[in-house]
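Colleague: Please take a close look at one part of this model, the salt bridges, and follow them from one pair to the next. Where a partner belongs to some other element, describe that as well.

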Amino acid sequence: MESVNSIIERDINEYGKLKKIKVVSAIDKNYLEKTYKDMAMKGWLVDAIKGSRDSYRPIEPCELEFSVTYFQPVTPLDYPDYDKEDTYQEFCEDKGWSLAAKNERCFVYYKLPENKVSSIHTEPSGEYRSIWNAMKKGELISFSILMLVILSQLWLGISNFRYENLYRPAGLLNIIYPSLFLIVVGGYMIPLISWLIKNKSRARDGKPLIYDSYNKVRLRNGLYSSGLAFIFIFIIYNTTSIFSYFFSIELLFVYLLNIVIPVGLGILLRIKIKRIKSKRSTNIIIMIVGIFVTCAIVIGATFSLVGHMDPDRLDSNIPSEIPILTHQDLGTDLQFQPRYVERYKTLMVPLSFEYESYHRDYHGDFYDIELTYIQARTEWMAEIIANRAVYDERRRIEDRMDLMLDNKLIDYVYSLNPELYGLDFAYNLSRFNTRVMLVRNNIIYFVQIDKAIDNNVLERIIPILFGESK
Amino acid sequence: MTRKQLQNLTEPMFYVFLCLKTPLQGYAIMQKVEEITNGRVRVGPRTLYNLLSRFEKEKIVEQVKSTSNKKSYILTPKRDEFLNNELFCLKQLVIDGERMLEGDINGKR
């Protein structure tokens, strides 16, 4: 019989190769088979599967039937058993199935429709078991570890949450990034687990397994990919905004320590275990170089997006209409300019910044102003920040007072008289009358000055901070 | 009893056992199962691979040297007894079933 390859062969030099990215899980067997069938009709036969990338070679457009089967090493820490693979391949090829492509996880076979041979799987229980094994060593193990990491990050983010997190990108990132990841990964895992549960009894009863339709898989995987892309963009956006204002060699090392080294060591450990288990040599040096080159490219790309740090940029980026509080405003004749400390921008807070200004006079007295400006996008966001600030500060005072706390001190964070200054909120946030929070028209100020509430200092600075229209 | 190892003896399993009284290669096993069941039972390559792996693990089947590069399989000697037991169980199943059905019919009549 003429081999299927000799019928469909086409000159690769004339047509070249085609590469396509796919996002699929082990339960998407039927989707893959249909995709490969459609591609064959267009004149492309899958000939290599590398992770999420499929490579196609040109063939005469024709109808082919595909079968995707899973066949992987005993554990993710083993090399493939080539003897077993050869036996399996021999059975399939003898039966009339030709191998199109394979990797460490699956084999893709094809045949002409007129070749009426049995399917590769003739027992649903065996088919179910092969998919279960593939998922157990793939999606389920990696997603479970990922979920554990995400939940730990979320728990850490929530337990350390303070009002500052609402206007600082780094703080927001700690909550939003794991939450988004949880939604995306959790959303992806639900159909996988549901498929396993639904088909377990079918496989036991010898009934054919049910797979999701082509369109349903496309939609599911499309949503998943979009979710991942969104998270990726979100992280890049936040990382760049953080690096824009805090570029430092220490931060680079933190990145290296937190991302590159654990990942690199994990991969190396896996390679090492595989090597010991199989007693086969592999070119580890090439792999190590590959890992570090990849990491260097990723870090380089991140830093390229950030650009260079410009020390003057922070001052110039504060809009001129925003009033700057100086010591002259407090009635002193000390001459100095405030120094900007930090400036942030998040989705909820389009502009926020902090500055401080201090001076020691001839008598050795120390004068200090620290100011935080937060421009919330909406009124409800301003309310959340303000209420959270009161809650955090109250809790901090209570923590410090320990067992000496009495009822008077619990109510220590008291309200000023906001109507007097045309403010929405005004709170004293410290035990020694040095820190106040002022809120008007979605703008929140935290002002820290010695005796801020005494000596009419507050009455002096409110008109300056909020302009004439008080 | 030996049945403990393979609690649920399915049709394909049973026919693969039957075929392995003499050494056979994978393809020949698949063909022979189809032949003796007149195409009613078909064993796919992956199903056969799974069954043979499992049988080998349970030491019910072993590989034998073949003239070609391809592997051949045969039942291990002591498993003849296992096959006879299975056959006996199945025969008994049919006899019991027929007896009960006849009894039912006679009862109704």
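Modeller: R40(B) counts as exposed, at 53% relative accessibility. In this predicted model, R40(B) forms a salt bridge with E11(B), and the closest N and O atoms are 2.6 Å apart. The arginine sits in the loop between α2 (26-36) and α3 (45-57) of chain B, while E11(B) belongs to helix α1 (residues 11-19) of chain B, so the salt bridge ties together parts that are 29 residues apart in sequence. E11(B) is partly exposed, with 40% relative accessibility. The cut-off for exposed is over 50%, so R40(B) at 53% falls in that class, and E11(B) at 40% does not.

Over all chains the count of salt bridges comes to 15. One of them joins the side chains of K71(B) and D83(A), with 3.1 Å from N to O. This pair crosses between chains: K71(B) is in the loop between β2 (61-64) and β3 (72-75) of chain B, and D83(A) is in helix α4 (residues 82-95) of chain A. K71(B) has a relative accessible area of 16% and is buried, whereas D83(A), at 47%, is partly exposed. As background, side chains of opposite charge can pair when their charged atoms come close.

In chain A, K216(A) forms a salt bridge with D212(A), where the closest N and O atoms are 3.8 Å apart. The distance criterion is within 4 Å, so this pair at 3.8 Å is counted. K216(A) is partly exposed, with a relative accessible area of 48%, and D212(A) counts as buried at 15% relative accessibility. Salt bridges that share partners join D212(A) and K216(A) with D28(A) and R220(A) into one network.

R220(A), a member of that network, is found in helix α8 (residues 214-246) of chain A. This arginine is buried, with a relative accessible area of 11%. A polar contact of 2.9 Å joins the side chains of R220(A) and D212(A). Leaving aside residues up to four places away in sequence, R220(A) touches S25(A), I27(A), D28(A), Y188(A), P191(A), L192(A) and D212(A). D28(A) and D212(A) thus appear both among these contacts and in the network.

Two other elements of chain A can be added to the picture. An open sheet of three strands has the order β1-β3-β2, with antiparallel pairing. Its edge strands, each pairing on one side only, are β1 (18-21) and β2 (44-50) of chain A. From one strand to the next the twist averages 30 degrees. β1(A) and strand β3 (residues 53-58) of chain A run antiparallel and are joined by four bridges. K19(A) stands opposite S55(A) in β3(A).

The other element is helix α15 (residues 457-466) of chain A, where V457(A), L458(A), I461(A), I462(A), L465(A) and F466(A) are buried. Seen down the axis of α15(A), these buried residues fall within an arc of 120 degrees, so they line one face of the helix. The general background is that an α-helix has 3.6 residues a turn, so residues three or four places apart point the same way.

Definitions and conventions. Residues are numbered from 1 along each chain as its sequence is written. Chains are lettered from A and ligands numbered from 1 in the order in which they are written. This is a predicted model: local features need pLDDT of at least 70, side-chain atom pairs count only at pLDDT 80 or more; totals for chains, interfaces and linings use all residues. Side-chain values use heavy atoms; hydrogens and water are left out. Buried means under 20% relative accessible area, exposed over 50%, partly exposed in between (1.4 Å probe, protein chains only). Two strands pair if DSSP finds at least two bridges between them. Axes are lines fitted to C-alpha atoms, for helices over the stretch in contact, and angles run from 0 to 180 degrees between N-to-C directions. The arc is that of the directions from the helix axis to the C-beta atoms. A polar contact is a pair of N or O atoms within 3.5 Å; within protein, one must be able to donate a hydrogen and the other to accept it, and residues adjacent in sequence count only if both atoms are side-chain atoms. Contact means heavy atoms within 4.5 Å.
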